[in-house]
Amino acid sequence: MSKTHRFDLVIFDWDGTLMNSEARIVDAIQSAAQTCGLPVLSYHDSKQIIGLSLDNAIQQLYPEVEPGLVAEVAKAYTQHFLHESLVDMQPYEGAQELLSELHGRGMKLAVATGKSRKGLDAVLALTGFEPYFHITRTPVESASKPDPLMLKQILAFNNMNASQAVMVGDTSFDMQMAQTIQMPRVAMSHGVHTLEQMASFEPMSSFENLNELGRWLLS
């Protein structure tokens with residue numbers, strides 16, 4: 001039987017790639033800053049760190065903050081994001097259909113995200129997407145993007161090399177970590193960073209939506 005897809009393993013970022021959660025993340029960042037007495041940054045500035053681990057994101061936004069306050073901001077962020085925010089978030093159109101189709105074709109699927117393990121498990125349960133993925137990695141059991149450790153762990157788990165896999169993401173952090181280990185990478189333009197921001201990391205292709213991505217992966 002001939003192979004009907006480009007890769008054996010597809011590794012997805014979560015926020016901004018499969019889940020349209022940008023507005024909720026920014027809401028939680030701004031709320032946590034206000035709660036902890038820090039300046040509330042603009043929407044544009046706040047969203048640039050989506051994709052990093054929470055601690056790294058806070059340190060980039062507020063480089064003068066002491067480690068103890070970073071922990072307080074992280075706690076306030078998590079509380080607001082998971083339990084208090086009224087900002088809706090939904091998977092991007094076609095996400096479930098894409099995952100179901102790829103999974104049904106025998107492709108291995110994984111997630112490499114900057115979310116915490118607690119946060120990722122919560123949204124996987126919310127969406128019902130968990131059964132599609134063979135392995136998921138967060139900074140809790142790995143390292144924050146753009147360090148490629150997540151990708152290395154996922155490859156090792158599946159006994160594959162980088163050329164058999166593709167990283168699908170919406171930020172320069174996703175593209176950089178894949179480029180570092182010479183893994184093919186695809187940029188989604190419906191997320192956080194612009195295609196111009198990702199271009200220097202030489203994605204092999206880019207797409208506006210998950211339906212386009214699916215047609216390409218299965219061509």
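Here are three short exercises on the structure above, each with a worked solution.

A few ground rules: this is a predicted model, so local features need pLDDT of at least 70, side-chain atom pairs count only at pLDDT 80 or more, and totals for chains, interfaces and linings use all residues. Residues are numbered from 1 along each chain as its sequence is written, and side-chain values use heavy atoms, with hydrogens and water left out.

**Exercise 1. Work out which strands pair with β4, and whether β4 is enclosed or open.**

Step 1. Get the terms straight: helices (H or I, at least four residues) and strands (E, at least two) are DSSP runs, numbered from the N terminus. Two strands pair if DSSP finds at least two bridges between them.

Step 2. Look at β1 (residues 9-12): four bridges join it to β4, and the two run parallel. One of the partnerships is L9 with K108.

Step 3. Now try β5 (residues 135-137), which is joined to β4 by three bridges, again parallel. Here A112 has R137 as its bridge partner.

Step 4. Check burial, where buried means under 20% relative accessible area, exposed over 50%, and partly exposed in between (1.4 Å probe, protein chains only). Four of the five residues of β4 (residues 108-112) are buried, so the strand is largely enclosed by the rest of the structure.

**Exercise 2. Find A33 and list what it touches.**

Step 1. Go to helix α1 (residues 22-35); that's where A33 sits.

Step 2. Check its accessibility: at a relative accessible area of 1%, A33 is buried.

Step 3. List the contacts (heavy atoms within 4.5 Å). Leaving aside residues up to four places away in sequence, A33 touches L38, P39, V40 and Y62.

**Exercise 3. Track down salt bridges and say which parts of the chain they link.**

Step 1. Apply the rule: a side-chain nitrogen of Lys or Arg within 4 Å of a carboxyl oxygen of Asp or Glu. That gives seven salt bridges.

Step 2. Take K145 and D13, whose side chains meet at 2.8 Å, N to O. They sit 132 residues apart, K145 in the loop between β5 and α7 (149-158) and D13 in the loop between β1 and β2 (19-20). K145 is buried at 1% relative accessibility, and D13 is buried at 2%.

Step 3. Follow the chain of partners: D13, K145 and D174 are linked in a network of salt bridges.

Step 4. Finish with R117 and D121, which meet at 3.0 Å, N to O. Both lie in helix α6, four residues apart, about one turn of the helix. D121 is partly exposed, with a relative accessible area of 35%.
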